[in-house]
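Got your viewer open? Let's take a walk through this one together, picking out something new at each stop.

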Amino acid sequence: MFEEMLKYQTQMWESIGETFIMVGISVGAALLLGLPLGTLLYFCRKGQLYENRTLSFVLNSIVNIIRSFPFLLLVVALIPVTRLLVGTAIGTIAATVPLSIVAIAYYARLVEQSLLEVPKGTIEAALSMGASKLALVVKFLYVEARSGLVLGLTTSIVSFISFSTVMGVVGGGGVGDFAIRYGYQRFETEVMVYAILVMIVLVQLVQFTGGTLARLLDKR
């Protein structure tokens, strides 16, 4: 296996770089859009501060549909959207479109769950002190739920890494594409094992870093 690692080390580093691009853009989408979407889901719930059953039903339906959609089929279904946005349905950048959409829905649900664990007394205390809507969210809710938000993001990143390997099937690049092209199609089992080990190491690093950070942020 060591000989195979040396033989394909250039291609492997390129594949890891492509995986980082796909996952990195997905994480950015999750933070920029998934975080506020999850917060909105939380506030629109029954019994919450800004209860809105119609909006809650619509948003929950969209999130649930995206989360329940088989990822590979979602990639295929979004090909017209991907072409419209980036001009092609093949390649690493094109792969970030379906990944980002899944990332937004996936993390939004985890954000909602994390915020639900915040005691209602926190909101009442913030309102009694005259906190604005923005301050209520940023300085109170997010601060109280920071450990859960980090754990949710960690879980999401692990899932995004897994989803990124699927993109190799449709020419999205990454470690999954490397495993298919240099391992499966060439019947080189050692290369497949090599790719699997790389993915395991990446996931473990993410899990360890996220878990450690969450424990440091947890002041309970």
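**Stop 1: a patch on the surface**

Start on the outside and select α5, which gives the most to a nonpolar surface patch, with four residues. Now add the whole patch: Ile21, Ile25, Val81, Leu84, Leu85, Val86 and Ile93, which make about 620 Å². Patches are built from residues with over 30% relative accessible area and no salt bridge, joining like charges within 9 Å and nonpolar side chains (Val, Leu, Ile, Met, Phe, Trp, Tyr) within 5 Å. Accessible areas come from the Shrake-Rupley method with a 1.4 Å probe, and for residues only the protein chains shown count as cover. Two helices, α2 (9-44) and α5 (79-86), each supply at least two residues of the patch.

Before moving on, a word about what you are looking at. This is a predicted model, where local features need pLDDT of at least 70 and side-chain atom pairs count only at pLDDT 80 or more, while totals for chains, interfaces and linings use all residues. Residues are numbered from 1 along each chain as its sequence is written, and side-chain values use heavy atoms, with hydrogens and water left out.

Click on Ile21, in helix α2. Is isoleucine 21 buried, partly exposed or exposed? Its relative accessibility is 39%, so isoleucine 21 counts as partly exposed. The cut-offs are under 20% relative accessible area for buried, over 50% for exposed, and partly exposed in between (1.4 Å probe, protein chains only).

**Stop 2: zoom out**

Show the whole chain as a cartoon. You should find eleven helices and zero strands. Both kinds of element are DSSP runs numbered from the N terminus: helices are H or I with at least four residues, strands are E with at least two. Along its principal axes, the C-alpha trace spans about 65 × 40 × 25 Å. Of the 220 residues, 45% count as buried. Switch to a surface view and about 11,900 Å² is exposed, with carbon and sulfur atoms supplying 67% of it.

**Stop 3: into the core**

Hide the surface and select Met12 and Tyr107. Of the 39 residues in the largest nonpolar core, these two touch the most other members. A nonpolar core here is a set of buried Ala, Val, Leu, Ile, Met, Phe, Trp, Tyr and Cys residues joined through side-chain atoms within 4.5 Å. The largest share of this core, eight residues, comes from α2.

Which residues does methionine 12 touch, not counting those up to four places away in sequence? Light up Val175, Phe178, Tyr194, Ala195 and Val198. Contact means heavy atoms within 4.5 Å. Apart from this core lies another, of nine residues, including Leu74, Leu78, Leu99 and Met167.

**Stop 4: along α11**

Select α11 from end to end. Its 29 residues reach 42 Å from first C-alpha to last, close to the 42 Å expected at 1.5 Å a residue. That expected span is 1.5 Å times one less than the number of residues. Color the buried residues of α11, and Tyr194, Ala195 and Val198 will be among them.

**Stop 5: a charged trio**

Next, pick Arg45, Arg109 and Glu112, which salt bridges with shared partners join into one network. Side chains of opposite charge can pair when their charged atoms come close. The cut-off for a salt bridge is a side-chain nitrogen of Lys or Arg within 4 Å of a carboxyl oxygen of Asp or Glu. How many salt bridges does a search of the whole structure find? It finds two.

- Arginine 45 and glutamate 112 meet at 3.0 Å, N to O. Arginine 45 sits in the loop between α2 and α3 (53-68) and glutamate 112 in helix α6, so the pair ties together parts 67 residues apart in sequence.
- Arginine 109 and glutamate 112 meet at 2.6 Å, N to O. Both lie in helix α6, three residues apart, about one turn of the helix.

Check the cover on each: arginine 109 and glutamate 112 are both buried, whereas arginine 45 is partly exposed, at 32% relative accessible area.

**Last stop: two single residues**

Stay with helix α6 and click on serine 100. Serine 100 is buried, with a relative accessible area of 11%, and touches Ile25, Ser26 and Ala29, not counting residues up to four places away in sequence. Finish at isoleucine 65 in helix α3, which is exposed at 51%.
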